[in-house]
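Trainee: Got a minute to go through this one with me? I'd like to start with a helix and then get to the empty spaces.

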Amino acid sequence: MSDVYPMVETLRWSGDWNGELVLLDQTRLPLEHVDHTCADLESVWEAIRSLRVRGAPAIGIAAAYGVCVGVQGIEDADEDGFFLRLDTVVKRLGASRPTAVNLFWALQRMQSCAEQMRGSGSTIQIRQALLEEARAIHADDRQMCRAIGTHGAELLSDGMGVLTHCNAGGLATSEYGTALAVFFTAQEQGKQLKVYVDETRPLLQGARLTAWELTQRGIDTTLICDSMAAQVMREERVQAVVTGADRIAANGDTANKIGTYGLALLAAAHQIPFYVAAPTNTFDLTLSSGDDIPIEERDAREITHGFGKQTAPSRVAVYNPAFDVTPASLIHGLITERGLIAPVNREAIANLIPGGADAR
């Protein structure tokens with residue numbers, strides 16, 4: 001067994017039902033470890049939108065706590081006023097980022113929690129119940145990530161080279177990660193992996209976040225530019241690819257950070273298995289295929305002025321989609337907390353996830 005390493009605390013709640021959401025500001029990593037406190041609705045919205053907190057599961061948890069923050073300050077409101085405010089909060093947080101389905105799943109769960117108490121409790125009791133629900137969402141994610149790690153580690157052997165893209169570690173979840181949970185669990189089992197990390201343009205989540213998490217854990221880590229993945233595969237340095245996901249359609253088509261689709265094509269060309277690690281709440285069974293997944297387009301300055309320095313002509317046109325969709329046909333398996341889905345198709349997903357058979 002390997003040494004025990006401290007896990008990253010991505011976010012936490014400070015105080016009682018009238019408390020605050022505290023985030024590890026990921027825009028400052030890896031050089032600075034700075035907490036960012038969200039004490040009102042707009043600060044939570046800004047933190048999600050600006051990527052102070054990012055990764056589908058972590059966004060969902062932050063949004064759940066964001067509901068708790070958003071319904072504060074209306075102590076004198078009657079029940080109708082409270083639910084009117086709750087609806088405003090949910091809609092505002094839902095507008096922060098459109099692609100990660102965990103955001104909407106968590107908001108719906110929070111709203112359902114409150115609706116179940118309509119007419120049977122005071123607004124203070126409802127707010128307390130909302131905080132308990134947010135904490136339950138947080139705890140559930142910890143358990144799901146651990147289970148994903150257990151199932152995924154079975155796919156990796158000692159000495160294997162593995163490639164990952166973007167960040168799907170503790171920084172993207174409650175503490176353990178999805179794709180990185182697979183590597184962390186393999187490490188705990190005594191397996192020595194060689195992990196190659198795409199830098200992940202344009203915001204370098206791989207370089208800034210994933211490489212940092214892996215090196216903190218003492219895992220053998222090599223950082224590469226996104227455009228080097230094909231050469232790394234050609235040289236037979238990796239035997240598997242593992243990424244996370246932001247939304248998975250009913251047929252297995254998967255949205256993840258831009259560049260994932262190209263990586264899956266490269267893996268297929270080199271006959272390397274391509275795995276996606278994600279909890280079942282990342283599946284959106286209301287969407288028949290990846291064609292229906294909304295793709296967030298971000299500010300052009302992320303490309304033309306990366307990290308504050310202009311690197312492109314002032315008047316050049318820019319297209320900056322934050323995500324792409326990998327067809328299910330390119331995915332060797334979906335690693336979930338309930339087990340591995342393979343082959344990846346509508347029927348296999350429906351067999352593992354309740355309600356899947358009704359998504360057409």
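Trainee: How far apart are the end C-alpha atoms of α2, and what should its 15 residues span?

Mentor: Keep in mind that this is a predicted model. At 1.5 Å a residue, α2 should span 21 Å, and its end C-alpha atoms lie 20 Å apart, so the two values agree.

Trainee: Is α2 mostly covered or mostly open?

Mentor: Mostly covered: 15 of its 15 residues are buried.

Trainee: Which residues touch the most other members in the largest nonpolar core?

Mentor: That core has 43 residues, and the ones with the most contacts to other members are L21, Y65, V67, M110 and L130. Two or more residues each come from β1 (11-14), β2 (20-24), α1 (41-49), α2, α3 (79-94), α4 (101-115) and α5 (123-153). The largest share is from α2, which gives eleven residues.

Trainee: Take M110. What does it touch, leaving out residues up to four places away in sequence?

Mentor: With those left out, M110 touches A64, V67, C68, L130, E133, A134 and I137.

Trainee: Which residues are in the other core?

Mentor: The other core lies apart from that one and has 29 residues, including I248, A250, A267 and V276.

Trainee: Now the empty spaces. How many cavities of 30 Å³ or more does a search of the whole structure find?

Mentor: Three. The largest has a volume of about 190 Å³. Its lining is made of 20 residues, with R54, G55, N167, D246 and N256 nearest the centre. α2 (56-70) and β9 (254-257) are the elements that give two or more residues to that lining.

Trainee: What's the split of that lining by class?

Mentor: The largest cavity is lined by nine nonpolar, seven polar and four charged residues.

Trainee: And pockets? What is the volume of the largest one?

Mentor: About 300 Å³. The largest pocket has 13 lining residues, and T27, S50, L203, E302 and F307 lie nearest its centre. By class, that lining has three nonpolar, five polar and five charged residues.

Trainee: Which residues line the second largest pocket?

Mentor: The lining consists of V101, F104, W105, Q108, R109, R247, T280, N281, F283, D284, L285 and I353. The volume of this second largest pocket is about 250 Å³.

Trainee: Which element gives the most to that lining?

Mentor: α4, with five residues. β11 (283-284) also supplies at least two. The class split for the second largest pocket is six nonpolar, three polar and three charged.

Trainee: F283 is in that lining. How far is it from I349, in sequence and in space?

Mentor: I349 and F283 are 66 residues apart in sequence and 9.2 Å apart in space, C-alpha to C-alpha. I349 is found in helix α11 (residues 346-352).

Trainee: Why does I349 count as buried?

Mentor: Because its relative accessibility is 0%, and the cut-off for buried is under 20%.

Trainee: What does I349 touch, again not counting residues up to four places away in sequence?

Mentor: I349 touches A249, A250, N251, G252, F283, L285, L334 and I341. Among these, F283 and L285 also line the second largest pocket, and A250 is one of the residues of the 29-residue core.

Conventions: Residues numbered from 1 in each chain as written. Predicted model: local features only at pLDDT ≥ 70, side-chain atom pairs only at ≥ 80, totals over all residues. Heavy atoms only, no water. 1 Å grid on protein atoms, 1.4 Å probe; cavity = no way out; pocket = protein on both sides within 12 Å on 5 of 7 lines; lining within 4 Å. Points joined across faces, edges and corners; volume = space filled by probe spheres on them. Helix = DSSP H or I, 4+ residues; strand = E, 2+ residues; numbered from the N terminus. Nonpolar A, V, L, I, M, F, W, Y, C, P; charged D, E, K, R; others polar. Core = buried A, V, L, I, M, F, W, Y, C linked by side-chain atoms within 4.5 Å. Buried < 20%, exposed > 50% of the residue type's maximum accessible area, 1.4 Å probe, protein only. Contact = heavy atoms within 4.5 Å. Expected span 1.5 Å × (residues − 1).
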